[in-house]
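Hi,

Here is the structure we talked about, ready for you to open. Have a look at it first, and then read on for my notes.

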Amino acid sequence: MYRYNETDQRLVEERVRQFADQMQRFLAGQLAEDEFRPLRLQNGLYIQRHAPMLRVAIPYGTLSARQLRKLAGIARLYDRGYGHFTTRSNIQFNWVRLEEVPAILAELATVQMHAIQTSGNCIRNITTDQFAGVAADELLDPRPYCEIVRQWSTLAPEFLFLPRKFKIAIAGGAEDRAATRFHDIGAQARLDEAGNVGFAIHVGGGLGRTPMVGQLLKPFLPRAELINYFEAILRVYNRHGRRDNKYKARIKILVKDLGLEAFAREVEQEWAWSRGGPNTLDETTFARMEAFFQPPALPEDDPQAPAYLEPLATHTPFARWVARNVAPHRRAAYGIVSIALKQPGVPPGDATAEQMELVADLAERYSGGEIRVSHEQNLVLPQVARRDLFALWDALRTRGLATPTIGLLGDVVCCPGGDFCSLANARSIPVAAAIQQRFEDLDYQFDLGPLELNMSGCVNACGHHHIGHIGILGVDKNNQEWYQLTLGGREGNGAALGRVIGPAFAAEQVPEVIAQLLEVYVAQRQPEEIFIDTVERIGHGPFKARVYGAGDRP
Amino acid sequence: MNAPAQPIAAPSAQHLIRPGPPARCTPDPWIWQLDPAAPLPPDAARQPLVLPLAHWLALSPTRRSPCWGVWLGPVDDPEVLLPDLPTLPLVGVHFPVFTDGRGYTTARLLRGRCCYRGELRAFGDVLRDQVYFLARCGFDALSLRPDQSPEAALQALGDYSWEPLKGLAHAG
Ligand code: HEM
Ligand code: SF4
């Protein structure tokens, strides 16, 4: 893991001091609400429905056990004993008190954490693949690059007041597990013919009210130019992005208005000035960064250890959990364990202080003390010996953390919705709970196979509903909560946006409608064909017909 | 979202700070022409006037005085000043509202690409909570909004001890 040097540490401490002063001036009436607002947002502080909400950055989703314990402590001391992991691998505390936020930030600074730029019209937390550095299918470890970009973007003085927020994701694998094409900038690692490292750069992706898939701006950017090129993109955006209408202010609108080619020309012109300049990255920088992310010295071990194979053969619940929640590590004797924060009846992504502490302990015992946060709102232990899996599973069970549904219907992604968020049109958590309840039967979920269901409480799309195979969006009709369903969304290499299937439904209808969609799939699927592939093969027609009756067929 | 356009106010002569070193508060000797259509005052050539870009560009080079500066709005392209920059004593950059970040890029373009070395002045909605970042982008003179305390703003210049533009320095 990256460890702060003196400069990083000083920066977060100075930030805490600066914000404590701003807060004090605000409370004393010396700083107007309008002037305080952007300052508090750049420190992750929202004013929400019930209470202020604090969003803490988890840079590229990596946490140490010590940091996770601190988050647990904050949840207990300053919140109601839990936190909410988000789709951008941050954690939110929904019940903090305004006056206490500086104290929370000071506590975070003691474990090299902060809430800088987790909101506001600036460059946000950098995200990546939750399996970075351990995935069997990885081209290179993206974390050193994430860290370089994090350092550059933190308080980058030119880009603190952009037209709108700006999100960057970097992925290192053949499989894009970081949803890079749904970010303002998405970088995917590539090697050129000579074996040089670089990135394919996509631009202008995003969800929200105008969802768009990012377009390919540069097929191969040499890694030395990463910062120069990002700076060129940001500069074009800062100068020319719309500021007259906040719904048209994201870079995706600028790219669309100019056209990809004209936008690319502007960026190239801008880049021509900085190319090879002072912010060009050199080999020592990469080497120094890579040194922070060296794989731990994992001892040789037996992938066929009896402590693993025996329970696997005899204990169905364990075998199920392994099948869904353990991904291949690049070393066969190890596995990557996903811990689902998807207990039926609990808001997706929520973890209690006790759960966080247990995961921190287990990470230390079994996984080199490191934890990852995934954009599916789950936690990940990146390197667990297969012989330890059974003991780990057994320990996770004690706190309801062994739900074996990663990538299945039960792994619902969901925003806080109307229960917490003042922008919501509808509640999302109770609907997610109703769906999880209706499809509790694990045999059925396993039979259905991989299926992503995402839900947002309004068009801001915090729950990524457009990229769910099935998406649910809360809408308001005459002050009533309704739910619109989309079908066909997909992240990863075949990225696509879901399309609305028809008129919206009332909350209590939603589980039944989903059951109907699944019936169509089960009836029509070919052997081994997963839900989304069936949707792409047969189109929306049969699904609509089942849900709305033949009369509504388009 | 940015506030609707308001008439631009002239910088207050008592609210000019210079990040230095040494950081200090100094009176503003400049006379600001805000309306591009306003005629030049009598004896203009010897006055320290700051003209709007449109006015400056409308004058033929022979009619421009070496005593004058120019100011840019957020949409103005600083590169149109390239031929004039080596001799311009002052370039102002207007911030209609502090959340409009275009002026930061204008400053970096002027200081970096255009190699401008004269006084670079931020004015308009310039608040103490932004002075540190403005200074980091190359502004060496900040006309604060008149309700801001120059002492507090001078202090805010010390909010951080590290230099973000060289943020990568410790990385290589
Ligand atoms: C409760 C407080 C929250 C508020 C007020 C809020 C507000 C917003 C708003 C206004 C947007 C749209 C901005 C735009 O498109 O320009 C947005 C987008 C987003 N939010 Fe939230 N949000 C909240 C919580 C969350 C949570 C809990 C998550 C994660 C589960 C989240 C993840 C996201 C993501 C991923 C987007 C991006 C959509 C895109 O790609 O454009 N937000 N949020
Ligand atoms: S999608 Fe809407 S309801 Fe859900 S958290 Fe975001 S802003 Fe709130």
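Let's start with a small one: which residue stands opposite Arg499(A) in β20(A)? That would be Leu487(A). Before I go further, please keep in mind that this is a predicted model.

**The strands at that end of chain A**

Leu487(A) belongs to a little run of strands. Strand β18 covers residues 470-477 of chain A and is joined by 8 bridges to β19, residues 480-487, with the two running antiparallel. Together β18(A) and β19(A) make a hairpin that has 2 residues between the strands. One to click on is Asn478(A) in the turn, as its phi is positive, about 50 degrees. At the hairpin, Lys477(A) sits opposite Gln480(A) of β19(A). β19(A) then pairs with β20(A), residues 499-500, over 2 bridges, and this pairing is antiparallel too.

**The two ligands**

Ligand 1 is surrounded by 24 residues, and the closest are Lys165(A), Lys167(A), Leu207(A), Arg250(A) and Cys462(A). That shell splits into 8 nonpolar, 10 polar and 6 charged residues. Here are some contacts to oxygen atoms of ligand 1 that you can check on screen:

- Leu207(A) comes in with a backbone N or O atom, 2.9 Å from an oxygen atom of the ligand.
- Arg250(A) uses an N or O atom of its side chain, at 3.0 Å.
- Arg164(A) has a polar side-chain atom at 3.2 Å.

What about ligand 2? Its shell has 8 nonpolar and 4 polar residues, with no charged ones. Among the residues around ligand 2 are Cys415(A), Cys421(A), Cys458(A) and Cys462(A), along with Pro416(A), Leu423(A) and Asn460(A). Cys462(A) is worth a second look: it is listed around ligand 2, and it is also one of the closest residues to ligand 1.

**Where chain B meets chain A**

How many residues of chain B are in contact with chain A? The count is 34, and they touch 43 residues of chain A. The two chains bury about 3500 Å² between them, with 54% of that on carbon and sulfur atoms. There are 8 salt bridges between chain B and chain A. One pair you can find there is Asp77(B) with Arg239(A), whose closest N and O atoms are 3.1 Å apart. I also have 16 residue pairs in polar contact between the chains, both residues being at pLDDT 80 or more. On the chain B side, α2 (102-111) and α3 (131-136) each supply at least two of the residues that touch chain A. The largest share, 5 residues, comes from α2(B). By type, that side of chain B has 14 nonpolar, 9 polar and 11 charged residues.

**The sheet in chain B**

Chain B has an open sheet of 8 strands with mixed pairing, in the order β2-β1-β8-β7-β6-β5-β4-β3. β2 (24-26) and β3 (31-32) of chain B are at the edges with a single partner strand each, so one side of each has no neighbour in the sheet. Further in, β4(B), residues 49-52, pairs with β5(B), residues 69-72, in the parallel sense over 3 bridges. Leu51(B) is the residue opposite Val70(B) in β5(B).

**Salt bridges overall**

Over all chains, the search turned up 53 salt bridges. One of them links Glu354(A) and Arg76(A), with the closest N and O atoms 3.3 Å apart. Glu354(A) is in helix α12 (residues 353-366) of chain A and Arg76(A) in helix α3 (residues 65-78) of chain A, so this pair ties together parts that are 278 residues apart in sequence.

Cheers

Methods
Residues are numbered from 1 along each chain as its sequence is written. Chains are lettered from A and ligands numbered from 1 in the order in which they are written. This is a predicted model: local features need pLDDT of at least 70, side-chain atom pairs count only at pLDDT 80 or more; totals for chains, interfaces and linings use all residues. Side-chain values use heavy atoms; hydrogens and water are left out. Contact means heavy atoms within 4.5 Å. Buried area is the accessible area (1.4 Å probe) that two parts lose on being put together, summed over both. A salt bridge is a side-chain nitrogen of Lys or Arg within 4 Å of a carboxyl oxygen of Asp or Glu. A polar contact is a pair of N or O atoms within 3.5 Å; within protein, one must be able to donate a hydrogen and the other to accept it, and residues adjacent in sequence count only if both atoms are side-chain atoms. Helices (H or I, at least four residues) and strands (E, at least two) are DSSP runs, numbered from the N terminus. Ala, Val, Leu, Ile, Met, Phe, Trp, Tyr, Cys and Pro count as nonpolar, Asp, Glu, Lys and Arg as charged, and the others, Gly among them, as polar. A residue is near a molecule or strand if one of its heavy atoms lies within 4 Å of it. Two strands pair if DSSP finds at least two bridges between them.
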